[in-house]
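Dear colleague,

I am handing over the structure below, and I would be glad if you could look through it before reading my notes on the aromatic side chains and the surface.

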Amino acid sequence: MNVPDMDWIQISDGIAAVLLVLGALMSTVAGIGLFRFPDQLSRMHAGTKPQVLGLLLMLMALAFAWRAWVWVPVLVLAWVLQMLTAPVSAHLVGRAGYRTKHLKPEFHFVDELADVVARQDDAGKPAATAHDQRTVPKDDPTDQQGRD
């Protein structure tokens, strides 16, 4: 079959197939990252970043496969809702993990949330006896600057 003989339907089906495979790969990478990464924060990153891109690729594949403009607003709405909910849910899971001490401190160089948590009680209200505990960045063990 010559390239000029290909019509729009075959081209859009080919594009849809490539986008579906790429979207499935991104979602697979997200799933593998959830099992392989060592701590909660990196697992959250693996569960949100590639998953959102994988969903976008799959929705674009659907748009090419259906070849109907009437479905495009529905697909855009699905992607926008995913973009709005994934960061919020990751933030809430990360904050809950931090407050319940499920994070590994050896993976963090700066603890910016310690100041906020130190000034609050368990109910989230300002603590009467909380003092300002400013955090200092930890030295990076891989940094060779200044060492001879």
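Is Trp 66 buried, partly exposed or exposed? With a relative accessible area of 41%, Trp 66 is partly exposed, because the partly exposed class runs between the limits of 20% and 50%. Please keep in mind that this is a predicted model.

As for the aromatic rings, the count comes to two aromatic pairs. One of them joins Trp 8 and Phe 64, whose ring centres are 6.5 Å apart and whose planes make an angle of 50°, so that the pair is classed as tilted. This pair links distant parts of the chain, since Trp 8 belongs to helix α1 (residues 8–36) and Phe 64 to helix α2 (residues 40–66), with the two positions 56 residues apart in the numbering. Trp 8 is exposed, at a relative accessible area of 53%, whereas Phe 64 is partly exposed, at 26%.

The other pair is formed by Trp 66 and Trp 71, which is likewise tilted, with 5.0 Å from centre to centre and 50° between the planes. Trp 71 has a relative accessibility of 40% and therefore counts as partly exposed.

Trp 8 also appears in a second context, for together with Met 6, Ile 9, Ile 11 and Ile 15 this residue forms a nonpolar patch on the surface, and the accessible area of these residues together is about 440 Å².

With best regards

Technical notes: Residues numbered from 1 in each chain as written. Predicted model: local features only at pLDDT ≥ 70, side-chain atom pairs only at ≥ 80, totals over all residues. Heavy atoms only, no water. Patch = residues over 30% accessible without salt bridge, like charges linked within 9 Å, V, L, I, M, F, W, Y side chains within 5 Å. Areas by Shrake-Rupley, 256 points an atom, 1.4 Å probe, with all protein chains shown as cover. Salt bridge = Lys/Arg side-chain N within 4 Å of Asp/Glu carboxyl O. Phe/Tyr/Trp six-rings, centres within 6.5 Å; stacked < 30°, edge-to-face > 60°. Helix = DSSP H or I, 4+ residues; strand = E, 2+ residues; numbered from the N terminus. Buried < 20%, exposed > 50% of the residue type's maximum accessible area, 1.4 Å probe, protein only.
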